[in-house]
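Here is a friendly walk through one protein model, written to be read with the structure open beside you. Shall we begin with how some of its helices pack?

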Amino acid sequence: MSAPEQKSGGALVLFSGGQDSTVCLAWALERFERVETVGFDYGQRHAVELTVRTTVRDKLAALNPDYAARLGEDHPVKVDALAAISETALTRDMAIEMADNGLPTTFVPGRNLLFLVLAGAIAYRRNLTHLVGGMCETDYSGYPDCRDATMKAMQSALALGLDRPMTVETPLMFIDKAGTFALAEEIGGAALLRLTVEDTHSCYLGDRSHRHDWGYGCGTCPACELRANGYRQFQRQRKRAERT
Ligand code: ZN
């Protein structure tokens, strides 16, 4: 891959320790001189995601001396208010299924809106000019706060409300899960792909006892299904590319 265009300013990556935000962190480390991370603890049932964050950050930094030099502070933020006001399968012991409104019960209303406001406040204080997030509207379970239009609106609102330019970067917006695995390999080769499979966490139930070829998880929740299907599709596409 040719070297990516370097961007001026610094970036704050919304980093959960999941597959998507890990690839976003690597994407940012390729482009920005200074990269910091923020992680939100909102009482999610899959809090294991938060415990793998440190490991993933450390391993990413170890992949490349430039990454190590660029990776700065981590800002863990507790958002108890979100758990207190939302009745969802990620914050309560309820079934993960489709609700009457056509959205899965894992949808936490307003979550990404709130996260971007909090991230904007941290970026302002830290003098960082870009927010980077793994929001994606390709196979995003229909979450309306992952849409590109929502992100563009938040970017305008933040720039106005903070009276400072604040760019919201969403490198995964128009690619699917297979594309995310491919992007990991494109950015950091086999080592980053291995790290993404082995150390990142997606499973909604927080299962890290079952290892599949696509990583750890229960294998049946929507997050596991998305990840498993994405990985299989990625493997198929790679085999096809090798043949031609
Ligand atoms: Zn699962």
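## Helix packing and a few single residues

Helix α1 (residues 19-31) packs with helix α7 (residues 177-199) at an angle of about 65°, and their axes are 10 Å apart. That angle makes α1 roughly perpendicular to α7. The crossing of α1 past α7 is left-handed. Please keep in mind throughout that this is a predicted model.

Which residues bring these two helices together? From α1 come Gln19, Asp20, Thr22, Val23, Ala26, Trp27 and Glu30, and they meet Lys177, Thr180, Phe181, Leu183, Ala184, Ile187, Leu192, Leu195 and Thr196 in α7. By class, the contact of α1 with α7 holds nine nonpolar, four polar and three charged residues. A general point helps when you look at such a list: an α-helix has 3.6 residues a turn, so residues three or four places apart point the same way.

How many residues of α1 are buried? The count is 13 of the 13, so α1 is largely enclosed by the rest of the structure. The length of α1 also agrees with expectation: at 1.5 Å a residue, its 13 residues should span 18 Å, and its end C-alpha atoms are 19 Å apart.

Helix α7 has another partner to look at, helix α8 (residues 222-243). The axes of α7 and α8 come within 9 Å and cross at roughly 80°, and these two helices are therefore roughly perpendicular to each other. On the α7 side the contact is made by Lys177, Ala178, Phe181, Ala182, Glu185, Leu193, Thr196 and Val197. On the α8 side you will find Leu226, Arg227, Gly230, Tyr231, Gln233, Phe234, Gln237 and Arg238. The contact of α7 with α8 divides into eight nonpolar, four polar and four charged residues.

Stepping back to the whole protein, there are eight helices and seven strands. Buried residues account for 50% of its 244 residues. Among contacts with a separation of 6 or more, 67% are between residues 24 or more positions apart.

Now for some individual residues. The table lists four of them with their places and relative accessibility.

| Residue | Place | Relative accessibility |
|---|---|---|
| Valine 117 | helix α5 (residues 111-126) | 44%, partly exposed |
| Histidine 212 | strand β6 (residues 211-212) | 24%, partly exposed |
| Asparagine 127 | loop between α5 and β4 (130-132) | 54%, exposed |
| Aspartate 163 | loop between α6 (148-162) and β5 (167-169) | 71%, exposed |

Leaving aside residues up to four places away in sequence, valine 117 touches Met154 and Leu158. Valine 117 and alanine 157 are 40 residues apart in sequence, while their C-alpha atoms are 9.2 Å apart in space.

What does histidine 212 touch, not counting residues up to four places away in sequence? Its contacts are Gly217, Cys218 and Gly219. The C-alpha atoms of histidine 212 and alanine 228 are separated by 8.4 Å, with their positions 16 residues apart along the chain.

The two loop residues are worth a look for their backbone angles. Asparagine 127 has a phi near 60°, a positive value in a residue other than glycine. Aspartate 163 is not a glycine either, and its phi is positive at about 55°.

Terms used: Residues are numbered from 1 along each chain as its sequence is written. This is a predicted model: local features need pLDDT of at least 70, side-chain atom pairs count only at pLDDT 80 or more; totals for chains, interfaces and linings use all residues. Side-chain values use heavy atoms; hydrogens and water are left out. Helices (H or I, at least four residues) and strands (E, at least two) are DSSP runs, numbered from the N terminus. The expected span of a helix is 1.5 Å times one less than its number of residues. Buried means under 20% relative accessible area, exposed over 50%, partly exposed in between (1.4 Å probe, protein chains only). Axes are lines fitted to C-alpha atoms, for helices over the stretch in contact, and angles run from 0 to 180 degrees between N-to-C directions. Angles under 35 degrees count as roughly parallel, over 145 as roughly antiparallel, 65 to 115 as roughly perpendicular and the rest as oblique. A crossing is left-handed if the near helix is turned anticlockwise from the far one by less than a right angle, and right-handed if clockwise. Contact means heavy atoms within 4.5 Å. Ala, Val, Leu, Ile, Met, Phe, Trp, Tyr, Cys and Pro count as nonpolar, Asp, Glu, Lys and Arg as charged, and the others, Gly among them, as polar.
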